[in-house]
Structures are given as structure tokens and as C-alpha cells.
Amino acid sequence: MSDNDVVLNPKTKTKPKVERPKLYKIILVNDDYTPREFVIMVLQAVFRMSEEAGYRVMMTAHKLGSCVVMVCARDIAETKAQEAIDLAKSADFPLMFTTEPEE
Ligand code: TYC
């Protein structure tokens, strides 16, 4: 084969090894003091949930202790969780959101 020949069907493939960025869960944590309506309001304002979806997520955290609100990239998860915590703080409620990597 001369240098000018073109190989149309190379027999080996190189797999690009790009790591998929880890996804993070935003978790709503139950407490005994934050009013249910306030939790729903925060879910609607920060996570763009409908009132019905907000009610379901709030009630799941209320009954089970916590509930996954959304799964997304780490920076978005941390920003949204902080936004929600800040809203609660400014209203003097102990409402808490945490983030953790998905398995
Ligand atoms: N448990 C609260 C109440 O009874 C309501 C609540 C639900 C608070 C979910 C936080 O993540 C939460 N007023």
C-alpha cells in the first residue's frame, strides 16, 4: 500500500473515553415546624412544580422523612438547594434541602 492509499474500513475503532458527569439528587427533608403551604410554595418557586406535584413531594417528605425533588448536574443541584434554603431562612423556617450524588 502506497502512502496515498485511503483506508476506507479501518479494522480497529478507538472508543473515546469520556466520563459521564455524575448526577446529583436534591432531597427535601421533613421537619416539624415549616408549614405545609410554605414547603409547596418553595417547590413551586424554585423547582417550577405545579401545586399538585409540590403537594405530592411535600407529603412524601412529611410521611417518609425525605423525598427526592429532582436529579441534575452538581452545580444546578447545589444552586437550587441553596436558593430554597435561603427562601426558608428569610421566612425563619428550618426547612432543609440536601444534595448527594446518585449511585
Ligand atoms: N412536617 C411539616 C408539618 O407538619 C410539613 C413539612 C413537610 C415540612 C415536608 C418539611 O420537607 C417538609 N408542618
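Q: Which element gives the largest share of the shell around the ligand?
A: In this predicted model, that's α2, with 3 residues. It isn't working alone: β1 (23–29), α1 (36–47) and α2 (51–64) each put in at least two.

Q: What makes Asn30 a polar contact of the ligand?
A: An N or O atom in the Asn30 side chain sits 2.8 Å from a ligand nitrogen. The cut-off for a pair of N or O atoms is 3.5 Å, so this pair counts.

Q: How do you know that the backbone of Asp31 makes a polar contact with the ligand too?
A: Same kind of check: a backbone N or O atom of Asp31 is 2.7 Å from a ligand nitrogen, and that falls within 3.5 Å, so it qualifies. For Thr34, a polar backbone atom lies 2.9 Å from a nitrogen of the ligand. As for cover, the ligand on its own exposes 350 Å², and the protein buries 89% of that.

Q: Why is Met58 called nonpolar and Arg36 charged in the shell around the ligand?
A: Both surround the ligand, and the labels go by residue type: Met is on the nonpolar list and Arg on the charged one. Overall the shell splits into 6 nonpolar, 3 polar and 2 charged residues.

Q: What makes Phe97 a core residue with many contacts?
A: Phe97 is among those with the most contacts inside the largest nonpolar core, which has 26 residues. α1 gives the most to this core, 7 residues. Leaving aside neighbours within four places in sequence, Phe97 touches residues including Ile26, Leu43, Phe47 and Val69.

Note on methods: Residues are numbered from 1 along each chain as its sequence is written. This is a predicted model: local features need pLDDT of at least 70, side-chain atom pairs count only at pLDDT 80 or more; totals for chains, interfaces and linings use all residues. Side-chain values use heavy atoms; hydrogens and water are left out. A residue is near a molecule or strand if one of its heavy atoms lies within 4 Å of it. A polar contact is a pair of N or O atoms within 3.5 Å; within protein, one must be able to donate a hydrogen and the other to accept it, and residues adjacent in sequence count only if both atoms are side-chain atoms. Accessible areas come from the Shrake-Rupley method with a 1.4 Å probe; for residues, only the protein chains shown count as cover. Helices (H or I, at least four residues) and strands (E, at least two) are DSSP runs, numbered from the N terminus. A nonpolar core is a set of buried Ala, Val, Leu, Ile, Met, Phe, Trp, Tyr and Cys residues joined through side-chain atoms within 4.5 Å. Buried means under 20% relative accessible area, exposed over 50%, partly exposed in between (1.4 Å probe, protein chains only). Contact means heavy atoms within 4.5 Å.
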